[in-house]
Amino acid sequence: MGQFENTVKLLSENSGLPESDVAFYLKFIKAPDNFKNGQAAVIGINRLLSAPHVQDLIESDIEQLIIINATLDTALRNSPALVEFSVPADSSPAKLGHGMLTTIPEYTVLFYDSRHHRDLIEQMKQLVLVEHAHATLNDRAVYCRFLRILSEKTVPQFIVERFPKSEVTAEDIYKILSEFVENELQNQTDAYQANLVKNAQNALRYLKVVVGRKVIRRSSLGESKIVESRQSFGIRGFSSLGEKAFVKYLTTPDEDEPYESGIVRSIVDLEIDKNVLRELEAQGVEPAELENEKYTAWFLDIVTPLYAQKFRARIKIKGRAASIIRQNQYLPLNVHLINKIEANLLLKFLETCEVKTKLFAAQILTLYVMLLTSSPFERAKSIILCFDNDDVPQSDEFVGYNFKTNVWIIPRLALPFATKEEPLSNALKPLTQITLPIKTKRIQELIGKYFRPEKARTKPLARMGFNKASIGSILKTVNDRLTPAKVSDFLMTSLAVTTSLSVAGYLFNRALAGSLARYYYSSHPQTWYQKIYHDLLLGILPAGQIDFHAQPHEIEPQTDDKNGFGARYVPSTKSVKETLQSIRQDLSGNVMINEKHAFIAFHNIFTLYSIYAQSLLTGIRAVIDPFIGSHQVIDSSGIAIFRDKDSDDKFHSRILPLHPLAFDIAIEYERHCQIIFEKMLFLDPLFCRNKILEKNSTFLIQPKTFHVLETRPSQIKNLLERYSDLPINSNRKFLRSFLEREGAIPEVIDATLGHASMGEPIGDTMSTFSFVDLKNQLFPLLDKLIEETGLKLLKGLTA
């Protein structure tokens with residue numbers, strides 16, 4: 001028998017009420033299974049129903065509720081057997097409801113009483129008893145939070161004067177609150193008033209649902225979005241700091257690690273000049289992708305005497321930098337990664353331990369979610385259980401579970417985008433979520449036995465009375481080294497060191513410590529992620545009763561190659577191939593034959609092809625002149641040295657082995673440009689003196705004025721949009737995704753794309769990866785890319 005059934009039986013036996021009436025009552029007031037502080041809720045219901053009823057309440061339910069509530073009130077006052085539900089007369093509502101308002105808001109708001117305008121507040125509370133399918137938990141929580149503020153403070157006179165004296169409806173309350181917000185936005189005088197108005201604005205969302213008005217909810221697709229959740233930092237590894245910046249981890253945190261020397265965090269500022277922002281949008285680059293020249297970092301410290309602080313200040317920066325380098329260099333060996341033996345001990349415990357109570361079942365399920373979906377405790381406890389055929393977890397921050405199909409539901413990682421996402425035809429269609437097959441039947445068995453609800457979607461674990469410390473205690477009975485953070489990070493970290501951080505981040509909807517740039521370039525089909533997940537489990541978690549031959553969740557294979565889960569604006573192999581073919585057709589056909597000075601039009605498109613084709617092999621960023629010339633290559637080694645960040649210093653220079661075809665493209669383009677110079681001398685004798693040409697880089701020509709144009713992203717976009725609606729930076733996205741699917745190791749991928757974080761680049765301290773290793777592993781993969789995309793060397797103009 002579960003905890004809810006035990007509570008119902010206990011209340012029934014000591015009140016004389018039928019169990020069906022008690023169960024109806026507890027579900028109606030949204031009580032937790034343990035009926036925590038139940039007497040306060042019963043007193044609150046009595047206050048609420050003593051006030052004049054709003055017109056939206058169903059009277060038949062209310063009459064039954066009043067009778068049951070009165071009976072329970074008497075029993076709780078007189079029965080010693082019900083003392084666990086009683087509360088002291090002088091108890092603080094805030095103390096009674098601590099930590100409960102966000103998870104069970106309708107129940108918790110009953111604890112609060114007001115000495116002023118009680119009927120008004122209780123009538124507003126009555127609306128939380130009105131069932132509405134479209135009202136989310138967050139809608140109800142913010143409305144109840146506003147009611148709590150009104151109960152603790154004085155109700156604004158504006159609301160009091162306009163509140164109806166009789167026959168109050170939800171529509172009346174909505175209009176009054178809406179007018180209050182509109183009026184006060186213009187007359188805010190202090191911080192308290194500003195906070196009250198903000199909470200009133202949030203409360204309007206729930207009232208809109210109640211009265212049937214349209215509620216606009218933000219989605220991750222087609223919206224400019226920065227994640228604002230207070231829990232995001234701990235769950236995702238980054239979170240917003242206002243509207244212009246976000247915070248991220250630079251080293252992996254573990255609050256339970258006794259030898260933790262300090263968690264390093266960094267602030268990333270998105271304040272960018274408007275002209276620079278326009279160029280970034282033309283490239284298809286998000287501002288959050290850009291790496292700061294200097295990190296702004298801070299970390300947890302200890303209290304020390306002033307003289308010690310002065311000494312430590314000399315070595316602090318170097319010490320934190322060393323922490324970041326160690327984090328990135330020794331990711332597979334860091335103290336936060338448990339080994340296979342410890343992980344399998346935990347899995348064996350989860351598969352075989354005896355479960356007798358609903359509370360222990362909830363704790364075991366939480367550990368399953370933490371281990372198999374790499375979820376921090378907060379996210380694991382908030383998992384959304386779906387009991388219908390719709391795999392939508394209603395949140396892009398929390399994972400879900402579908403009971404019918406026995407699969408995890410992983411939403412798309414919502415990165416801090418700063419530009420609006422457009423549906424582009426040449427890009428993979430972005431999936432908002434994927435499903436991952438669960439290889440054990442025990443999760444389904446536990447949920448079926450203890451958590452089968454009446455609703456299609458529910459978060460039952462969130463309402464259970466256990467915390468992170470209790471999970472840590474269970475882990476210590478399995479192995480002393482196990483902590484909640486180590487369990488949550490195990491699969492994600494193990495995958496990151498064998499594939500890439502971006503693959504692991506999207507698969508588990510979390511960002512690892514370090515640069516976020518990688519995540520803007522990686523997108524793959526659902527079936528590929530399912531195979532990666534299957535292979536990961538098969539390789540490191542062979543213990544227990546897990547069936548590793550279970551079939552993945554079925555999807556339509558014929559449409560899978562058109563969809564991508566991860567970054568936006570990632571082209572498919574077919575799209576890249578068709579773009580290359582279209583440009584080649586224009587260069588080899590008769591499209592420009594009838595144009596005046598057709599060689600200028602040919603040159604501009606040939607420049608586009610040279611940049612587009614070479615960038616598929618180099619991953620060069622689409623800044624000014626995104627092209628590697630022969631003068632940038634050390635002939636004897638084939639190593640290219642180039643700068644693909646738009647700054648004048650040399651700190652952003654990159655070193656990369658250049659594929660022979662990329663070098664041939666550079667040689668042919670330079671030969672072609674010599675022919676162009678000769679032809680332009682007849683049109684403009686001063687053409688070759690242009691300062692842009694002094695840079696020995698790619699250039700475009702304005703057909704009417706013969707002016708030389710820099711190959712800025714905006715100019716490239718104007719030429720490229722004839723062949724593809726994707727920006728030129730999409731080639732970098734394609735290259736990273738291609739290398740990931742082909743099984744390239746993380747060092748190869750990050751070195752090729754310039755995504756290596758502090759301590760990771762080739763040549764850094766303790767780096768064992770050389771340019772020879774990079775060349776030997778990269779070139780065979782690029783040969784395959786050339787074959788699949790049909791990439792060819794094209795000849796330019798002849799004399």
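**Salt bridges, strands and buried residues in a predicted model**

Let me start with Arg-162, which has a relative accessibility of 38% and therefore counts as partly exposed, since that value falls between the 20% and 50% cut-offs. I should say at once that what you see above is a predicted model.

Arg-162 has a salt-bridge partner, Glu-161, with 3.8 Å from N to O. Is Glu-161 buried or exposed? Glu-161 is exposed, because its relative accessible area is 55% and the cut-off for exposed is over 50%.

Now the whole protein. There are 799 residues, and 55% of them count as buried. The secondary structure consists of 30 helices and 17 strands. Take the contacts between residues at least 6 apart in sequence: 71% of those join residues at least 24 apart. The accessible surface is about 36500 Å², and carbon and sulfur atoms contribute 52% of that area.

Back to the charged side chains. How many salt bridges does a search of the whole structure find? The number is 23. Besides the Glu-161 and Arg-162 pair, I will mention two more. Lys-356 bridges to Glu-354, with the closest N and O atoms 3.7 Å apart, and both of these residues are exposed. Arg-712 bridges to Glu-710, where the closest N and O atoms are 3.4 Å apart. Arg-712 is partly exposed, because its relative accessible area is 29%.

There is also a network of salt bridges, which links Arg-47, Asp-113, Arg-118, Glu-122 and Lys-125. That brings me to helix 7, residues 118–126. Helix 7 is mostly covered, with 7 of its 9 residues buried. Glu-122 and Lys-125, both members of the network, are among the buried residues of helix 7. The others that count as buried there are Leu-120, Ile-121, Gln-123, Met-124 and Gln-126. What do the buried residues of helix 7 pack against? They pack against helix 3 (38–50), helix 8 (137–152), helix 9 (157–162) and helix 10 (170–184).

A second buried site is His-672, in helix 26, which covers residues 660–683. His-672 counts as buried because its relative accessibility is 0%. Leaving aside residues up to four places away in sequence, His-672 touches Phe-602, His-603, Phe-606, Gly-796 and Leu-797.

Next, the strands. Strands of a sheet pair through backbone hydrogen bonds, either parallel or antiparallel. Strand 9, residues 433–437, has 5 of its 5 residues buried, so the rest of the structure largely encloses it. Gln-433, Thr-435 and Pro-437 point one way from strand 9, while Ile-434 and Leu-436 point the other way. Strand 9 pairs with strand 7 (residues 407–411) in the antiparallel sense, over 5 bridges. One of the bridge partners is easy to find: Pro-411 is matched with Gln-433 in strand 9.

There is also an open sheet of 3 strands, in the order 8-12-11, with mixed pairing. Why is one side of strand 8 and of strand 11 left without a neighbour in the sheet? Strand 8 (429–430) and strand 11 (523–524) stand at the edges and have a single partner strand each, so one side of each has no neighbour there. Strand 11 and strand 12 (residues 563–566) run antiparallel and are joined by 2 bridges. Within that pairing, Ser-523 has Gly-566 of strand 12 as its bridge partner.

On to the aromatic residues. The structure holds 21 aromatic pairs. One of them is Trp-528 with Tyr-529, an edge-to-face pair at 5.5 Å centre to centre, with 75 degrees between the planes. Trp-528 counts as buried because its relative accessibility is 15%, and the cut-off for buried is under 20%. Tyr-529 is also buried, because its relative accessible area is 0%. Both residues belong to one aromatic cluster, together with Tyr-506, Tyr-519 and Phe-565.

Last, the surface. Which residues make the nonpolar surface patch of about 230 Å²? Ile-634, Ile-641 and Ile-655 make it. Ile-641 lies in strand 14, residues 639–643. Ile-641 is partly exposed, because its relative accessible area is 38%.

That is the tour. I can go back to any of these sites on the screen.

Notes:
Residues numbered from 1 in each chain as written. Predicted model: local features only at pLDDT ≥ 70, side-chain atom pairs only at ≥ 80, totals over all residues. Heavy atoms only, no water. Helix = DSSP H or I, 4+ residues; strand = E, 2+ residues; numbered from the N terminus. Buried < 20%, exposed > 50% of the residue type's maximum accessible area, 1.4 Å probe, protein only. Contact = heavy atoms within 4.5 Å. Salt bridge = Lys/Arg side-chain N within 4 Å of Asp/Glu carboxyl O. Patch = residues over 30% accessible without salt bridge, like charges linked within 9 Å, V, L, I, M, F, W, Y side chains within 5 Å. Areas by Shrake-Rupley, 256 points an atom, 1.4 Å probe, with all protein chains shown as cover. Pairing = 2+ DSSP bridges. Phe/Tyr/Trp six-rings, centres within 6.5 Å; stacked < 30°, edge-to-face > 60°.
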